[in-house]
Structure formats: structure tokens, C-alpha cells
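Reader: I am new to reading protein models. Could you go through this one with me, one question at a time?

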Amino acid sequence: MANKSSKSPYKGKSAKKNNLMLILFPVILVLLLGLIFVLNNQNEKVAQKEAETRVVDFNLEGQPVLGSTDAKVTVVEFGDYKCPACKQWEEEVFPQLKADFIDKDQVKFVFMNYPFLGPDSNTAAYAGEAIYKNHPDAFFKFHEALYAAQQDERTQWATPEYLLEVAKQAVPDLNGDEFLKQVQDDTHKESVQGDYRAGEDAKIQGTPSVFVNGKEFTGNYLDYAGLKKFIEEQLESAK
Ligand code: CA
């Protein structure tokens, strides 16, 4: 008994300590989470600010261009043919951009590959480069057709054979055998890797990423009104 009673005050103290810890632990946890949240938010703001002020000097040699080469403003899009958001951008935003600026010779448009969603993202990008190298004038027709033919992101749909079918529809004078061979042999791997590195150097966070005269459009990718305003500002300062 003596033993027990001599131990009990200690036990009591320990229990009190435990109680205090029980109260303090959630408080500390909340404070820590709060701190992490604030720091994260700050980091995001710094990254956003950095993206808004950065001007990327793209080397556009060997890239497909749509529109007048004399246009004062260049819009560069990084995309992945497997990316559903890119398809949405292509179908909802791009036609407005084309009608308002590209067709009026105010903007020239450049597409660069940023394949990251799966091995067949690369295959699709190789197909794009193959068309560009062999039938440069048909590139944007194929580009549009490929987005239209996009399948479920979770399946590996962009096989050389499927891409050949899309290419045949979009490019009437296609040399199908040569196209298939180039896609199967990864002939245009270096071009695609070059595009991808340019995206990494430009610190893009995903696709689609859009740059206007080297400045990243950081608004929502489907906000065409915002993009239009951003382009108009660049047109104004390019005068
Ligand atoms: Ca390219």
C-alpha cells in the first residue's frame, strides 16, 4: 500500500501533465497547420507574382506558326494532346482568339508540346511533329483534328495506328507509311523534348499554359475575356 500511495502523487502529476498535453496538442496542431497554410499561401503569391512579371524569351525556330509573321504579338501555347483541359481550351477559347486576333493579323499563334500525361502523350506529340515536318501547312488542321479525336485520359488511346487514322482524315495527301514509320520510330523525339524543355524553362505548372509576348497568362485558362484584355495590353505596349 505504502508503495502505491507513494506512487500516486507522481501518477497524479503525470495525469495533470497528460491533461495539459491533451489540451495543448490540438492548439499546437492548429497553430502549425495555420502557419503551413500562411506560408503556402505566401509561396503561391510569390510564385504568382513571379509568373506575372517574368518575360520568357522563347526560341520559336522550327515551331509551327499560325497567322501573320508580322504580327506584333505572339501567343505561345503549351499543350498535351491527351489533356482534357487542352481540348476544352482548343474548342472554347482558341476559336475566339483566332477570330479576334489571328485572322486580323494582330497575333501569331505557336503551339509547343508539353506531353506529361502518359507514354502515348509523347506518341501524339511525335505525330504532330511528323505532320509539321512533312506537311507544315496541314499542321494546325491535324492539331485540331487530334483534339477532336481525343479519348479518355485514363486509356492509352494515342497509338500510332489511331494517329494514322486521324492524320489520314486531316491531311489528304499524307504519305501514310512514312508517317506511321516516323511515329513508331520516335523520329521526332528530339523536337518534342526541346518543346518540353522550353516549357520547363518557362516554369509552366501544367497544360494548357499560354504566354503572350513571353508573359504568362495567369488567369483561369477558360477566361477568354481575361486573355483578350491581356493580349490587348500587349498590343498596346507593342505599338
Ligand atoms: Ca514543336
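Reader: In which loop does D105 lie?

Author: Keep in mind that this is a predicted model. In it, D105 comes before strand β3 (107-113), and helix α2 covers residues 84-102. D105 therefore sits in the stretch that links these two elements, the loop between α2 and β3.

Reader: Is D105 buried, partly exposed or exposed?

Author: Buried would mean under 20% relative accessible area, and exposed would mean over 50%. D105 has a relative accessibility of 49%, so its class is partly exposed.

Reader: What is phi of D105 near?

Author: Most residues other than glycine have a negative phi. D105 is not a glycine, yet its phi is positive, with a value near 60°.

Reader: What phi does D186 have, and in which loop is it found?

Author: D186 is not a glycine either, and its phi is positive, about 55°. At 32% relative accessibility, D186 counts as partly exposed. As for its place in the chain, helix α6 covers residues 176-184, and D186 is found in the loop between α6 and α7.

Reader: What span does helix α7 reach from its first C-alpha to its last?

Author: Helix α7 runs over residues 189-201, which makes 13 residues. At 1.5 Å a residue, the expected reach is 18 Å. The helix in the model comes close to that, with a reach of 18 Å.

Reader: How wide an arc do the buried residues of α7 cover around the axis?

Author: The buried residues are V192, D195, A198 and G199. They are on the same side of α7, because they cover an arc of only 120°.

Reader: Which residues are exposed on the other side of α7?

Author: The buried side of this helix holds V192, D195, A198 and G199. Turn to the other side of α7, and the exposed residues there are E190 and D201.

Reader: Which elements do the buried residues of α7 pack against?

Author: Packing here means contact, with heavy atoms within 4.5 Å. The buried residues of α7 meet two strands and a helix in this way: β2 (73-79), β3 (107-113) and α3 (119-134).

Reader: Which residue with a positive phi follows α7, and what is that phi near?

Author: Helix α7 covers residues 189-201. The residue with a positive phi that follows α7 is K203, and its phi is near 55°.

Reader: What is omega of the peptide bond that joins T207 and P208?

Author: Most peptide bonds are trans. The one that joins T207 and P208 is cis. P208 is found in the loop between α7 and β4 (209-212). For the bond between T207 and P208, omega is about -5°.

Reader: Is H135 buried or exposed, and which residues does it touch?

Author: H135 is found in the loop between α3 and α4 (139-148). Its relative accessible area is 15%, so H135 counts as buried. Leaving aside residues up to four places away in sequence, H135 touches A130, V171, D173, L174 and N175.

Reader: How many salt bridges does the structure hold?

Author: Side chains of opposite charge can pair when their charged atoms come close. In a salt bridge, a side-chain nitrogen of Lys or Arg is within 4 Å of a carboxyl oxygen of Asp or Glu. The number of such salt bridges in the structure is 10.

Reader: How far apart are the closest N and O atoms of D152 and R154?

Author: D152 is partly exposed, with a relative accessible area of 36%. R154 is exposed, at 75%. The two form a salt bridge, and their closest N and O atoms are 2.8 Å apart.

Reader: Which residue does K229 meet in a salt bridge?

Author: K229 is exposed, with a relative accessible area of 53%. Its partner is 4 residues apart from it in helix α8, so about one helical turn separates the two. The N to O distance in this salt bridge is 3.5 Å, and the partner is E233.

Reader: What area does the nonpolar surface patch have?

Author: The patch is made by L20, M21, L24, V27, I28, L31, L32, L35 and L39. One of them, M21, is found in helix α1 (residues 2-53). M21 counts as partly exposed, because its relative accessibility is 46%. The area of the patch is about 830 Å².

Definitions and conventions
Residues numbered from 1 in each chain as written. Predicted model: local features only at pLDDT ≥ 70, side-chain atom pairs only at ≥ 80, totals over all residues. Heavy atoms only, no water. Patch = residues over 30% accessible without salt bridge, like charges linked within 9 Å, V, L, I, M, F, W, Y side chains within 5 Å. Areas by Shrake-Rupley, 256 points an atom, 1.4 Å probe, with all protein chains shown as cover. Buried < 20%, exposed > 50% of the residue type's maximum accessible area, 1.4 Å probe, protein only. Expected span 1.5 Å × (residues − 1). Arc of directions from axis to C-beta.
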